[in-house]
Amino acid sequence: MFPTMSYRLLFVCLGNICRSPSAENIMNHLIEEANLSDRIVCDSAGTSGYHIGSAPDPRMTMAAKKRGIVLKGSARQFTASDFDNFDLILAMDQDNYQQILYLDRGKKYGDKVKLMCDFCSHHTLKEVPDPYYGGPEGFNQVIDLLLDACEGLLEFVVNQPSVN
Ligand code: 4NP
């Protein structure tokens with residue numbers, strides 16, 4: 001499925017149609033710019049199964065497009081097998097974070113799970129707010145936050161021994 005020696009990132013939100021596909025595609029954009037596509041691989045998933053198979057939300061697609069990012073992908077649900085398949089799992093908010101840890105029944109993978117906003121250097125929000133029931137500004141804010149967090153995340157990943 002992925003190049004074998006790559007560092008694997010999984011972005012997780014609730015529905016996998018707004019925040020986590022945006023994070024995945026923004027990160028891929030930065031990875032391509034840095035010529036690191038053969039070494040860092042991204043995917044995304046939702047803690048819920050509400051939107052399995054759906055394309056990214058059109059409102060999210062529009063907000064991303066305004067910033068030059070094309071959103072690709074279709075929603076899938078997070079599963080416990082993702083703990084083994086990924087090196088780092090990025091939760092968009094506290095609910096996602098707690099839900100992921102809840103699925104780690106053997107309490108083995110906690111160190112792999114982090115909050116996306118921990119990688120922000122310009123924004124102070126601790127979570128990427130769920131934009132689904134709000135207006136267009138919420139979708140723009142998601143892109144702003146994720147552009148910041150993805151830059152910090154790329155810096156973190158390139159400093160991992162397996163990527164160097
Ligand atoms: P996401 O946004 O978790 O960023 O993909 C949502 C998408 C769908 C729903 C909630 C949040 N929903 O309730 O259907």
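Q: Which residues can make up a nonpolar core, and how are they joined?
A: A nonpolar core is a set of buried residues of the types Ala, Val, Leu, Ile, Met, Phe, Trp, Tyr and Cys. The term is applied here to a predicted model. Members of such a set are joined through side-chain atoms within 4.5 Å.

Q: Which residues touch the most other members of the largest nonpolar core?
A: The largest nonpolar core of this model holds 39 residues. Those that touch the most other members are Leu 9, Phe 11, Met 27, Met 116 and Leu 153.

Q: Which element gives the largest share of this core?
A: Two or more core residues come from each of strand E1 (7–13), helix H1 (19–33), strand E2 (40–46), H2, strand E3 (88–91) and helix H5 (136–158). The largest share, 10 residues, is supplied by H5.

Q: How far apart are the end C-alpha atoms of the annotated domain?
A: An unreviewed UniProt entry annotates residues 7–156 as "domain: Phosphotyrosine protein phosphatase I". Over this range the chain is 39% helix and 14% strand. The C-alpha atoms at its two ends are separated by 12 Å.

Q: Why can the annotated active-site residues be said to gather at one spot?
A: The unreviewed UniProt entry places the feature "active site" at Cys 13, Arg 19 and Asp 130. These positions span 118 residues in sequence, so the sequence by itself does not show them together. They gather at one spot because no two of their C-alpha atoms are more than 8.6 Å apart.

Q: Is Cys 13 buried or exposed?
A: Cys 13 belongs to strand E1, and the UniProt entry lists Cys 13 among the active-site positions. Its relative accessibility is 1%. Buried means under 20%, so Cys 13 counts as buried.

Q: How do the residues of the shell around the ligand divide by type?
A: The shell includes Cys 13, Arg 19 and Asp 130, which the UniProt entry marks as active site. Other residues around the ligand are Leu 14, Gly 15, Asn 16, Ile 17, Cys 18, Tyr 50, His 51, Tyr 132 and Tyr 133. By type, the shell divides into 7 nonpolar, 3 polar and 2 charged.

Q: How much of the ligand's own accessible area does the protein cover?
A: A backbone N or O atom of Leu 14 lies 2.9 Å from an oxygen atom of the ligand, and a backbone N or O atom of Cys 18 also lies 2.9 Å from a ligand oxygen atom. From Arg 19, a polar side-chain atom lies 2.8 Å from an oxygen atom of the ligand. On its own the ligand has 360 Å² of accessible area, and the protein covers 94%.

Q: What is the phi of Asn 16?
A: Asn 16 is in the loop between E1 and H1, and at 2% relative accessibility it counts as buried. Most residues other than glycine have a negative phi. Asn 16 is not a glycine, yet its phi is positive, at about 60 degrees.

Q: Is Asn 35 buried or exposed?
A: Asn 35 also has a positive phi, of about 55 degrees, although it is not a glycine. It sits in the loop between H1 and E2. Because its relative accessibility is 65% and the cut-off is over 50%, Asn 35 counts as exposed.

Q: What distance separates the C-alpha atoms of Ser 162 and Arg 39?
A: Ser 162 lies in the segment after H5 and is exposed, with a relative accessible area of 52%. Ser 162 and Arg 39 are 123 residues apart along the chain. Their C-alpha atoms are separated by 9.0 Å.

Q: How far apart in space are Tyr 102 and Phe 156, C-alpha to C-alpha?
A: Tyr 102 is part of helix H4 (residues 94–103); at 48% relative accessibility, Tyr 102 counts as partly exposed. In sequence, Tyr 102 and Phe 156 are 54 residues apart. In space, C-alpha to C-alpha, the separation is 26 Å.

Q: What distance separates the C-alpha atoms of Val 70 and Leu 36?
A: Val 70 occupies the loop between helix H2 (58–66) and helix H3 (82–85). Val 70 counts as exposed, at 59% relative accessibility. Along the chain Val 70 and Leu 36 are 34 residues apart, and their C-alpha atoms are separated by 19 Å.

Definitions and conventions. Residues numbered from 1 in each chain as written. Predicted model: local features only at pLDDT ≥ 70, side-chain atom pairs only at ≥ 80, totals over all residues. Heavy atoms only, no water. UniProt positions renumbered as here; feature names shortened; annotations may be inferred. Helix = DSSP H or I, 4+ residues; strand = E, 2+ residues; numbered from the N terminus. Near = heavy atom within 4 Å. Polar contact = N/O pair within 3.5 Å; in protein donor to acceptor, adjacent residues only side chain to side chain. Areas by Shrake-Rupley, 256 points an atom, 1.4 Å probe, with all protein chains shown as cover. Nonpolar A, V, L, I, M, F, W, Y, C, P; charged D, E, K, R; others polar. Buried < 20%, exposed > 50% of the residue type's maximum accessible area, 1.4 Å probe, protein only.
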